[in-house]
Amino acid sequence: MFNSYNVKFYHSKALTSPYPGSHVERSQVPEDKVGWLTEWKDYNPVEYTAKSVLSGPSWADPQINDEGFSPKFNERDGEVERKSLNGLYVVENGRPRNPAGRTGLTGRGLLGRWGPNHAADPIVTRWKRDGSGNKVAHPVTGKNILQFVAIKRRDCGEWAIPGGMVDPGEKISATLRREFGEEALNSLQKSPEEKAKLEKQLHKLFSQEHFVVYRGYVDDPRNTDNAWMETEAVNYHDETGETMDNLPLEAGDDAGVVKWIDISEKLELYASHSYFIKLVTEKRGAHWSEDPGPECHE
């Protein structure tokens with residue numbers, strides 16, 4: 001998973017300064033000193049954990065030295081999954097070490113768990129169609145245009161996949177469905193009858209063939225040296241468009257707006273979401289870029 005292409009991809013957003021939702025400036029980490037294998041005796045990261053995490057909500061761990069807290073890193077710890085999708089991570093002085101390298105900040109920032117914080121990203125797609133129901137091809141590439149359900153995040157205003165955190169003990173498949181319902185269909189605000197109807201439609205969409213786009217570490221602005229985001233991004237594709245036509249898109253709690261968006265490389269998306277979406281277009285043979293790129297030159 002950590003090939004040369006991805007190393008750069010992994011740590012650019014994770015060096016965002018100031019840290020999101022704060023005035024805390026990260027210590028600067030030069031590109032050649034991100035990796036832990038590069039010795040850096042003077043490395044002096046800033047320590048920061050947000051008040052919202054320290055106040056002890058159910059989704060957050062206590063501080064490492066708190067009495068009675070003895071997390072089992074690199075394994076399933078009761079209901080909490082502390083295994084990383086990228087394999088074993090180093091634990092140094094009782095703290096997990098970010099497998100992708102230095103970030104200029106220790107502690108947990110806005111993240112609840114020490115080590116991996118697991119999310120799930122459902123990428124729900126359909127083909128763009130004209131008024132007669134025919135697929136629409138891109139005028140330059142001739143490839144069909146794919147659309148996906150995107151939410152506009154309230155926190156930063158960027159378009160994103162309607163994903164979220166995996167609850168303790170929850171299966172990824174359940175998280176994908178629950179988050180899509182909450183974020184894109186506002187299921188939490190629905191009446192019991194409406195909820196039952198939505199559940200039926202969601203079941204149909206999420207029980208069809210799907211493909212795992214990505215599993216692993218995410219270059220995210222909230223990452224620190226001791227806590228980081230990981231995700232499983234899964235594509236649910238509605239080939240005929242019939243399942244999704246009847247789904248009433250409506251923004252939920254973290255989302256300001258939700259809608260079908262045409263996919264192309266021009267989209268500026270949150271965190272690593274553009275990379276996931278690009279992988280979906282490759283899998284589906286859909287339009288991505290007007291620039292033919294090196295792979296087309298014989």
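Which side chain makes a polar contact with the side chain of asparagine 226? I started my notebook there, keeping in mind that this is a predicted model.

**Entry 1: asparagine 226**

I found the partner to be arginine 95, with the two side chains making their polar contact at 3.1 Å. I then followed the side chain of asparagine 226 to the backbone oxygen of proline 96, which it reaches at 3.0 Å. Where does asparagine 226 sit in the fold? I placed it in the loop between β11 (210-218) and β12 (227-238). I also asked whether asparagine 226 is buried or exposed. Its relative accessible area is 7%, under the 20% cut-off, so I noted it as buried. Leaving out residues up to four places away in sequence, I listed its contacts as Arg95, Pro96, Thr106, Gly107, Trp114 and Gly115. For a distance check I took proline 162: it is 64 residues from asparagine 226 in sequence, and the C-alpha atoms are 26 Å apart.

**Entry 2: glutamate 232**

Next I moved into strand β12, where I found glutamate 232. I noted this residue as buried too, because its relative accessible area of 13% is under 20%. Which residues does glutamate 232 touch, beyond those up to four places away in sequence? I wrote down Ala119, Ala120, Asp121, Ile172, Leu176, Val212, Tyr214 and Arg215.

**Entry 3: helices α3 and α4**

Leu176 came up again here, as one of the α3 residues that meet α4. The others I noted from α3 are Arg177, Phe180 and Gly181, and on the α4 side I have Glu199, Leu202, His203, Leu205 and Phe206. By class, I recorded five nonpolar, two polar and two charged residues in this contact. How do the axes of α3 (residues 172-184) and α4 (residues 192-206) lie? I have them coming within 11 Å and crossing at roughly 130°. That angle is neither over 145 nor in the 65 to 115 range, so I called the two helices oblique to each other. I added that their crossing is right-handed.

**Entry 4: glutamine 147**

My last stop was strand β8 (residues 146-153), which holds glutamine 147. Which side chain does the side chain of glutamine 147 join in a polar contact? I found aspartate 262, at 2.9 Å. Glutamine 147 has a relative accessible area of 8%, and I marked it buried because that is under 20%. Setting aside neighbours within four places in sequence, I listed its contacts as Val124, Thr125, Arg126, Trp127, Lys128, Trp260, Ile261, Asp262 and Ile263.

Terms used. Residues are numbered from 1 along each chain as its sequence is written. This is a predicted model: local features need pLDDT of at least 70, side-chain atom pairs count only at pLDDT 80 or more; totals for chains, interfaces and linings use all residues. Side-chain values use heavy atoms; hydrogens and water are left out. Helices (H or I, at least four residues) and strands (E, at least two) are DSSP runs, numbered from the N terminus. Buried means under 20% relative accessible area, exposed over 50%, partly exposed in between (1.4 Å probe, protein chains only). A polar contact is a pair of N or O atoms within 3.5 Å; within protein, one must be able to donate a hydrogen and the other to accept it, and residues adjacent in sequence count only if both atoms are side-chain atoms. Contact means heavy atoms within 4.5 Å. Axes are lines fitted to C-alpha atoms, for helices over the stretch in contact, and angles run from 0 to 180 degrees between N-to-C directions. Angles under 35 degrees count as roughly parallel, over 145 as roughly antiparallel, 65 to 115 as roughly perpendicular and the rest as oblique. A crossing is left-handed if the near helix is turned anticlockwise from the far one by less than a right angle, and right-handed if clockwise. Ala, Val, Leu, Ile, Met, Phe, Trp, Tyr, Cys and Pro count as nonpolar, Asp, Glu, Lys and Arg as charged, and the others, Gly among them, as polar.
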